[in-house]
Amino acid sequence: MPEDHESVIKAIYTGSEFVESATTGDDVGIVLESTSFYAEQGGQIFDIGSLDGPFGSFQVCNVQIFGGFVLHIGSLSGVTVKFSVRDKVTCKVDYDRRGLIAPNHTCTHMLNYALREVLGNHVDQKGSIVLPEKLRFDFSHDPNRDGAINADHLRKIESIVNEQIKSELDVYSKEATLAEAKRINGLRAVFGEVYPDPVRVVAIGKKVEDLLADPENIEWSSISSELCGGTHITNTREARAFALLSEEGIAKGVRRITAVTTESALKAMELGGQLLKEVDDASKLEVCLLEKLLFYSKLFCFKASPVVPVFLYFFAPLQKVASVKTSVDSASIPAAQKADIRAKIAQLQNQLKRAQKKIAEQNMQKAVATATELAEVAAKEGKTFYVTRIDIGLDAAALREAVSKVIQQKGMPVMIFSIDETTNKAVVYAGGRCGRGKGGLATGQGTDISHVNDAMDLATSFASMKLT
Ligand SMILES: [Zn+2]
C-alpha cells in the first residue's frame, strides 16, 4: 500500500472565488502543492479520502481537474476551526477503494484489446467509466454494417481477458513523447482526445521501452498498449477473473459493455454455473417425464380406461422452469452464459408445450372414448342418464368434448366429474336435458375433492327425480 503523502495547501476555492481561509462546514476545493489523489480523467473515477492537518480532517469526496489544477473537493466537519493557505496536510487516499478500481482499469485495457481481436479493426473506444464496483466500455460497432455480436463473440472476448489474467502478465507504464508513442504498432488511443506531451504509455506483458525501441514490430499488435494516465494493477493476476455481464446498443453504431473483475467476477461465474445446472436438471426431469408419458400412452392403447391424470406430472417442472427463467433475467452472470441458459430454457419450454399438447389430445380422446362406452353400458342397462368420474385433472375442454359427444351420438344426458389432486379441485361438466346453460351444457368447479363422491350421489338422485 502506498504511503501517505505530505503536502501544503496552496489555494482554497469556493466555487466563485479564491479565499485565504475557510471554516468547518464550508464546501470548498483545495489546491495542494503536490498530491497523491487521482482526479477523474480518462474514464477513471476520482479517489476519495482525507486531507489531515492541525485543523482536523478535511473529507475529500470528489477530485477534479480545474484549470489545470487538481481540485480536492469536500468539507471539514466537527467543531468549528479554520484552515488556511500554507497549512501543512497529509494526503490520505482511500487505497482500499483504489484497490478495487485498479483491476477494473487494467481489465478495461484488456477488453479494448480483445474487442479488436474478436470483432475487427473498426472497433474504437467511444468512452469508458472505471468504477470500484464495475467497468463500462463504449465502442464503435454497427450490427448492420459490422455484423451482430452473438454469445460466441462475447464468450471469446471474455476468455481472451481471462487468458491474460491467467498468464500473469506484468503491467508496465512509462512516459514517452507523443510522437514516439504514436508510432507503436497496435497502440490504442481515443480518437479526437487531446493527449499531453509527453504522454504515459501503459503496456500489458511487454516493457514500454521494448515497444519504443522497435515501434513498428508486428508482434506489438498482439499485446495491449494504450495512452493512459490511470491507476493500474502491477500484474494481471491481481484481477483474478473477468466477467462480461452485458452488451447492448446505446446509440447508432455505438455499443456498451459492462463487466466486473475480482470477487464480483468469480461470484458472477459461480452463479451462472449454478443456474445452468438448474436448467440442466430441469431438462433431465423433463426427459424422464416424457418417457412416463410415452409409457402411459402405450398403456392406453390396450386399456380404454381409466385415464391416468398424466397432466399432474407437468405442473412441477413448468413452475421450476418459470422460476429459473425469472432468476436468470435479473441475475448478474456472464452475458454469454445468460444467452446459453435462455436458449436451453426456450428449448425446454417448447418441449413442455409439445408434451402438454399431446396430453391434452390424449385426455380428449380418452374422455370421449370412456364416456361413449359408459353411455352404451348405461343404455343397455335401461338407464336414461348417467353420472361418472373420469380423472383427467382440470381439463374442462376434454370433459366438454366428452359430454357433447355422448349427447350427440347417444342422445343421453350425462354428468362427468374430474378431480385434480395437486390443486384439490374438482371440475364437472353436464349436458343433455338435465343441463342448463349454453347449448345444453353446464359446468362447475369445486374446491375440495373429498366431497366429489357426495356430489356425485346427490347429482344421481337429483337426476333420477327429474329424468325418470
Ligand atoms: Zn486507461
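Reader: Which residues does the UniProt annotation "coiled-coil region" cover?

Author: Good place to start! According to the unreviewed UniProt entry, that annotation covers residues 338-372. Keep in mind as we go that this is a predicted model.

Reader: What secondary structure does the span 338-372 have in the model?

Author: The span is 100% helix and 0% strand, and its end C-alpha atoms lie 50 Å apart.

Reader: Let's turn to strands. Which strands pair with β4?

Author: A general idea helps here: along a regular strand, side chains alternate between the two faces of the sheet. In this model, β4 covers residues 28-32. Strand β1 (residues 5-13) pairs with β4 in the antiparallel sense over four bridges. Strand β7 (residues 69-76) also runs antiparallel to β4, joined to it by four bridges. To follow this by residue, find V31: its bridge partner is A11, and V31 also stands opposite L71 in β7.

Reader: How many of the five residues of β4 are buried?

Author: Four of them, so the strand is mostly covered.

Reader: And how should I look for a nonpolar core?

Author: In soluble globular proteins, nonpolar side chains tend to be buried together. Here the largest nonpolar core has 74 residues, and those with the most contacts inside it include C107, L111, F242 and A259. Helix α1 (residues 95-119) gives the largest share of this core, eight residues.

Reader: Which residues is A259 in contact with, leaving aside its neighbours within four places in sequence?

Author: Its contacts are C107, L111, K134, L135, F242, A243, L244 and L245. There is also a second, separate core of 28 residues, with A371, V387, A426 and Y429 among them.

How values were computed: Residues are numbered from 1 along each chain as its sequence is written. This is a predicted model: local features need pLDDT of at least 70, side-chain atom pairs count only at pLDDT 80 or more; totals for chains, interfaces and linings use all residues. A residue is buried if 20 or more other C-beta atoms lie within 10 Å of its own, exposed if 12 or fewer, and partly exposed in between; C-beta atoms are placed from the backbone. Helices (H or I, at least four residues) and strands (E, at least two) are DSSP runs, numbered from the N terminus. Two strands pair if DSSP finds at least two bridges between them. UniProt positions are given in the numbering used here, feature names are shortened, and annotations may be inferred rather than shown by experiment. A nonpolar core is a set of buried Ala, Val, Leu, Ile, Met, Phe, Trp, Tyr and Cys residues joined through C-beta atoms within 7 Å. Two residues are in contact if their C-beta atoms, placed from the backbone, lie within 7 Å.
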